[in-house]
Amino acid sequence: MPVLHVQTVAEHSFYVATWAYHIALDLQRKGFDVNPHLAATKGLLHDNEEALTGDVVYATKNATLELKHELEQFAQDQMTDLSQAIHDQQFRRYFEDWARAKDDTSPEGRIVDFADRLDVIVYAREEIKSGNRRAVVLLRQALMHMKCYKDDLMLRGYVDELLNTRWAKVILRP
């Protein structure tokens, strides 16, 4: 998809970390046992493998489940190879932190996964506002992916609020 503003991986990671931190703070205030600092750290690290693999755009990465898994395995292999090639304890710690950033079974990991998708939505909306009508497809796809959180007790309130906005209803209209 042609874009008007190319978002770097660094920009995206910063936004994901910021979203994750604030969502975790909000959830903490609501009584959920989450660590906002851990959520932010995971957000910063979650796409660092793209320094080795290159950025694969959201629509392509999520085209099929099989492709998504193959790309994840490729990224894991690249990071593992790099970790084994560098005999430095600090890098090994970084590698372990990166691997944990991808763990969406922890509350913080689920928050980061949600924030990752949320940033795609924000980015697509900005592209549309700037005149890029092709971003509607990306926005629709990202909103549809958000539905996977409808059963997540911790995140479903955010999903309901997002999907019930007037603009989301228009985008998701058949």
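Helices here are DSSP runs of H or I with at least four residues, numbered from the N terminus. Keep that in mind as you work through this predicted model.

**Exercise 1. Find where K129 and E126 sit, and work out how exposed each one is.**

Step 1: Start with the location. K129 and E126 are both part of helix 7, and they are 3 residues apart, about one turn of the helix.

Step 2: Look at the side chains. Those of K129 and E126 meet in a salt bridge, with 3.7 Å from N to O.

Step 3: Now the exposure. The cut-off for exposed is over 50% relative accessible area, so K129, at 58%, counts as exposed. E126 has 40%, so this residue is partly exposed.

Step 4: Another group to look up is D26, R29 and K30, which are joined into one network by salt bridges that share partners.

**Exercise 2. Take a pair from that network, R29 and D26, and describe their salt bridge.**

Step 1: Find the closest N and O atoms of R29 and D26; they are 4.0 Å apart.

Step 2: Place the pair. Both R29 and D26 belong to helix 1, 3 residues apart, which is about one turn of the helix.

Step 3: Check the accessibility. R29 comes out at 64%, so it counts as exposed. D26 comes out at 22%, so it counts as partly exposed.

**Exercise 3. Which residue forms a salt bridge with D113, and is that partner buried or exposed?**

Step 1: The side chain of D113 meets that of R117, at 3.3 Å from N to O.

Step 2: Both residues lie in helix 7, 4 residues apart, again about one turn of the helix.

Step 3: Buried means under 20% relative accessible area. R117 has 10%, so it is buried.

Step 4: For context, a search of the whole structure turns up 8 salt bridges.

**Exercise 4. Describe the surroundings of D116.**

Step 1: Find D116 in helix 7.

Step 2: Skip the neighbours within four places in sequence. That leaves H12, V16, H46 and D47 in contact with D116.

Step 3: Pick out H12 from that list. Its side chain makes a polar contact with the side chain of D116, at 2.6 Å.

**Exercise 5. Explore the largest nonpolar core and say which helix gives the most to it.**

Step 1: Get the count. This core has 32 residues, and I23, L27, I111, F114, L143 and L155 have the most contacts inside it.

Step 2: List the helices that each supply at least two residues: helix 1 (9–29), helix 7 (107–129), helix 8 (135–146), helix 9 (156–163) and helix 10 (166–172).

Step 3: Pick the top contributor. That's helix 7, with 10 residues.

Step 4: Zoom in on F114. Leaving out neighbours within four places in sequence, F114 touches I23, M146, Y149, L155, Y158 and V159, all counted as contacts.

Step 5: Fit this into a wider pattern. In soluble globular proteins, nonpolar side chains tend to be buried together.

**Exercise 6. Which residues form the nonpolar patch on the surface?**

Step 1: Name the members. They are F14, Y15, W19 and V122, and together they have about 350 Å² of accessible area.

Step 2: Sort out the helix shares. Helix 1 supplies the largest share of the patch, 3 residues.

Step 3: Try one member, Y15, which is found in helix 1. Its relative accessibility is 35%, so Y15 counts as partly exposed.

Conventions. Residues numbered from 1 in each chain as written. Predicted model: local features only at pLDDT ≥ 70, side-chain atom pairs only at ≥ 80, totals over all residues. Heavy atoms only, no water. Core = buried A, V, L, I, M, F, W, Y, C linked by side-chain atoms within 4.5 Å. Buried < 20%, exposed > 50% of the residue type's maximum accessible area, 1.4 Å probe, protein only. Contact = heavy atoms within 4.5 Å. Patch = residues over 30% accessible without salt bridge, like charges linked within 9 Å, V, L, I, M, F, W, Y side chains within 5 Å. Areas by Shrake-Rupley, 256 points an atom, 1.4 Å probe, with all protein chains shown as cover. Polar contact = N/O pair within 3.5 Å; in protein donor to acceptor, adjacent residues only side chain to side chain.
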